[in-house]
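Open the model in your viewer, colour it by secondary structure, and keep the sequence panel in sight. This tour proposes one selection after another and says what there is to look at in each.

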Amino acid sequence: MSVRSVIVSRLPPRQPALLRTSLRSYYSQHHPDLPPFPQAQEAILSAALKRVPEYGFSEKALTLGARDAGYLDVSVQLFPRGVFDVVNYHLVTQRRALKDAVQFPDDAKLGVGRKIKTLAMTRLRANRDVIQHWQGALGHMSLLENLPASLKELNLLADEMWYLAGDTAVDFSWYTKRATLAAVYASSELFMTTDTSQDFASTEEFLDRRLESVQKVGGAVGGFTQYVGFWAGNSLNLARSWGMRF
């Protein structure tokens, strides 16, 4: 039985037919934990990311990463998206690391909201070593050719955080909660690029305010048509916040 079949078979029998056909197959307990990058790319990108604090998200960091990993400079041709591949590597690896960085005890008396805040703040603090160059990373993410991949990874991060927080709902709120959290996280990440407070305390306060302000969005956006407009608007706003003009 396929992964999609397993998930769809668990839907309550009266769920809308549209939800049955459009539900994404990604859920952490079903998603194969396979290495997301081939061995050579993993070695180069990992080494390049270590160069980012000094050289930023740049071609120089990528080239030095190839050298550090024992490859020729020409090996950067393995990365058709150039610097964005380094940015994407950071996004993917930090999302995958979240499940090990935050583990809630089975008897923890924390609500889903508290867990979401903990997960989001943990992920934000994982940008600590590259935060001085993150505005440049957002610039690469906002490029038209990179925007779909950037938004997809952001949505996967929101999906992962809801799953790790213990949310297993499969009604239409499944979509709106992820879209809302993606928007909250992205705005908090942008705020963090100018935060000079100790341990990003101001970013945490900003995240608190944003989470509080969107608590009722899931109830206000209840249908698929409303969701499409809601997510499209969020996507445009995120792109604008990353520096893209429309």
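Helices here are DSSP runs of at least four residues, numbered from the N terminus, and a name such as the loop between H9 and H10 relies on that numbering. Keep in mind throughout that this is a predicted model.

**The whole chain**

Begin with everything selected: the secondary structure of the protein chain comes to twelve helices and zero strands. Of the 246 residues of the protein chain, 46% count as buried. If you consider contacts between residues at least 6 apart in sequence, 69% of them join residues at least 24 apart.

**Helices H8 and H9**

Now select residues 147-164, which are helix H8, together with residues 173-192, which are helix H9; the two pack at an angle of about 110°, with their axes 8 Å apart. Because angles of 65 to 115 degrees count as roughly perpendicular, H8 is described as roughly perpendicular to H9. Turn the view until one helix lies in front of the other, and you can follow how H8 passes H9 in a right-handed crossing. To see the contact itself, show the side chains of H8 residues including Leu 154, Leu 157, Ala 158, Met 161 and Trp 162, and of H9 residues including Trp 174, Leu 181, Ala 182 and Tyr 185. By class, the contact of H8 with H9 has eleven nonpolar, one polar and three charged residues.

**Helices H6 and H10**

Next, select residues 112-125 for helix H6 and residues 201-213 for helix H10, which pack at an angle of about 140°, with their axes 11 Å apart. This angle makes H6 oblique to H10, and H6 passes H10 in a right-handed crossing. On the H6 side, the contact is made by Ile 116, Lys 117, Ala 120, Met 121, Leu 124 and Arg 125, while H10 contributes Thr 203, Glu 204, Leu 207, Asp 208 and Leu 211. Sorted by class, the contact of H6 with H10 has six nonpolar, one polar and four charged residues.

Stay on helix H10 and pick out Thr 203, which lies in it. Is Thr 203 buried or exposed? Its relative accessible area is 0%, so Thr 203 is buried. Leaving aside neighbours within four places in sequence, Thr 203 is in contact with Met 121, Leu 124, Ser 188, Phe 191, Met 192 and Asp 195.

**Two aromatic pairs**

A pair of aromatic rings is described by the distance of the centres and the angle of the planes. A search of the whole structure finds four aromatic pairs, and two of them are visited here.

For one pair, select Phe 37 and Tyr 89, whose ring centres are 5.1 Å apart and whose planes stand at 50°, so the pair is tilted. Phe 37 sits in the loop between helix H2 and helix H3, whereas Tyr 89 is in helix H5, so that the pair links distant parts of the chain, 52 residues apart. Phe 37 is buried, and so is Tyr 89.

For another pair, select Phe 191 and Phe 206, whose ring centres are 4.6 Å apart with planes at 10°, so the pair is stacked. Phe 191 belongs to helix H9 and Phe 206 to helix H10, 15 residues apart. With 27% relative accessibility, Phe 191 counts as partly exposed, whereas Phe 206, at a relative accessible area of 16%, is buried.

**The loop between H9 and H10**

Most residues other than glycine have a negative phi. With that in mind, select Asp 199, which lies in the loop between H9 and H10 and has a positive phi of about 55° although it is not a glycine. Phe 200 is found in the loop between H9 and H10 as well, and has a positive phi of about 60°, again without being a glycine. Asp 199 counts as partly exposed at 38% relative accessibility, whereas Phe 200 is buried, with a relative accessible area of 8%.

**A last stop in helix H3**

Finally, select Ala 48, which is found in helix H3 and counts as buried at 0% relative accessibility. Not counting residues up to four places away in sequence, Ala 48 touches Ala 61, Leu 62, Gly 65 and Val 86. You can also draw a distance line from the C-alpha atom of Ala 48 to that of Glu 59: these atoms, eleven residues apart along the chain, are separated by 9.3 Å.

Methods:
Residues are numbered from 1 along each chain as its sequence is written. This is a predicted model: local features need pLDDT of at least 70, side-chain atom pairs count only at pLDDT 80 or more; totals for chains, interfaces and linings use all residues. Side-chain values use heavy atoms; hydrogens and water are left out. Axes are lines fitted to C-alpha atoms, for helices over the stretch in contact, and angles run from 0 to 180 degrees between N-to-C directions. Angles under 35 degrees count as roughly parallel, over 145 as roughly antiparallel, 65 to 115 as roughly perpendicular and the rest as oblique. A crossing is left-handed if the near helix is turned anticlockwise from the far one by less than a right angle, and right-handed if clockwise. Contact means heavy atoms within 4.5 Å. Ala, Val, Leu, Ile, Met, Phe, Trp, Tyr, Cys and Pro count as nonpolar, Asp, Glu, Lys and Arg as charged, and the others, Gly among them, as polar. Rings of Phe, Tyr and Trp (its six-membered ring) pair if their centres lie within 6.5 Å; planes under 30 degrees apart count as stacked, over 60 as edge-to-face and the rest as tilted. Buried means under 20% relative accessible area, exposed over 50%, partly exposed in between (1.4 Å probe, protein chains only).
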